[in-house]
Amino acid sequence: KMAPEARLDELRIDSLGVMELMFRIEDEFHIRIPSATVELEPVGAVPASIQRLVAEQNVTVSVAGSTS
């Protein structure tokens with residue numbers, strides 16, 4: 001079980017894994033994650049970060065994750 005406060009590096013996700021996760025998030029939500037803002041956030045903070053980027057980039061996301 002993963003604790004929301006666990007950081008990605010504490011879960012043994014290395015920098016390559018973080019980059020792969022970033023690319024998957026960008027593809028899934030049709031957003032761009034600025035490289036200057038990439039940090040190893042706690043797992044529980046990732047959904048809020050995605051929501052913020054979606055709102056900032058004016059992307060409409062349905063419940064299933066598809067965009068319009």
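The legends below describe close-up views of one predicted protein model.

**View 1. The whole chain, with its 2 helices and 0 strands.** This overview shows a predicted model of a protein with 68 residues, of which 24% are buried. The accessible surface comes to about 5100 Å², and carbon and sulfur atoms account for 57% of that area. When contacts between residues at least 6 apart in sequence are considered, 55% of them join residues that are at least 24 apart.

**View 2. The largest nonpolar core of the protein, made of 8 residues.** The members of this core are M22, I25, I31, I33, V46, I50, L53 and V54. Helix α1, which spans residues 15-29, and helix α2, which spans residues 46-56, each supply at least two residues of the core. The largest share comes from α2, which provides 4 of the residues. As a general background to this view, nonpolar side chains tend to be buried together in soluble globular proteins.

**View 3. The surroundings of I25, a member of the largest nonpolar core.** Leaving aside residues up to four places away in sequence, I25 touches H30, I31, I33, V46 and I50. Among these partners, I31, I33, V46 and I50 also belong to the largest nonpolar core, as I25 itself does.

**View 4. The buried and exposed residues of helix α2.** Within α2, the buried residues are V46, S49, I50, L53 and V54. Seen down the axis of α2, these buried residues fall within an arc of 135°, and so they line one face of the helix. The buried residues of α2 pack against α1, whereas Q51, A55 and E56 are exposed on the other side of α2. Following the helix is N58, a residue whose phi is positive, near 55°.

**View 5. A salt bridge within helix α1, between E20 and R24.** The closest N and O atoms of E20 and R24 are 3.2 Å apart. Both residues lie in α1, where they are 4 residues apart, about one turn of the helix. E20 counts as partly exposed, at 42% relative accessibility, while R24 is exposed because its relative accessible area, 57%, is over the 50% cut-off.

**View 6. A salt bridge within helix α2, between R52 and E56.** The side chains of R52 and E56 meet with a distance of 3.3 Å from N to O. These two residues both lie in α2 and are 4 residues apart, which is about one turn of the helix. At 40% relative accessibility, R52 counts as partly exposed, and its partner E56 is among the residues that are exposed on the side of α2 other than the buried one.

**View 7. A salt bridge between the side chains of R7 and D9.** Here the distance from N to O is 3.3 Å. R7 is partly exposed, with a relative accessible area of 34%, and D9 is also partly exposed, with a relative accessible area of 36%. A search of the whole structure finds 4 salt bridges, including the pair R7 and D9 shown in this view. In general, side chains of opposite charge can pair when their charged atoms come close.

Key: Residues numbered from 1 in each chain as written. Predicted model: local features only at pLDDT ≥ 70, side-chain atom pairs only at ≥ 80, totals over all residues. Heavy atoms only, no water. Buried < 20%, exposed > 50% of the residue type's maximum accessible area, 1.4 Å probe, protein only. Contact = heavy atoms within 4.5 Å. Areas by Shrake-Rupley, 256 points an atom, 1.4 Å probe, with all protein chains shown as cover. Core = buried A, V, L, I, M, F, W, Y, C linked by side-chain atoms within 4.5 Å. Arc of directions from axis to C-beta.
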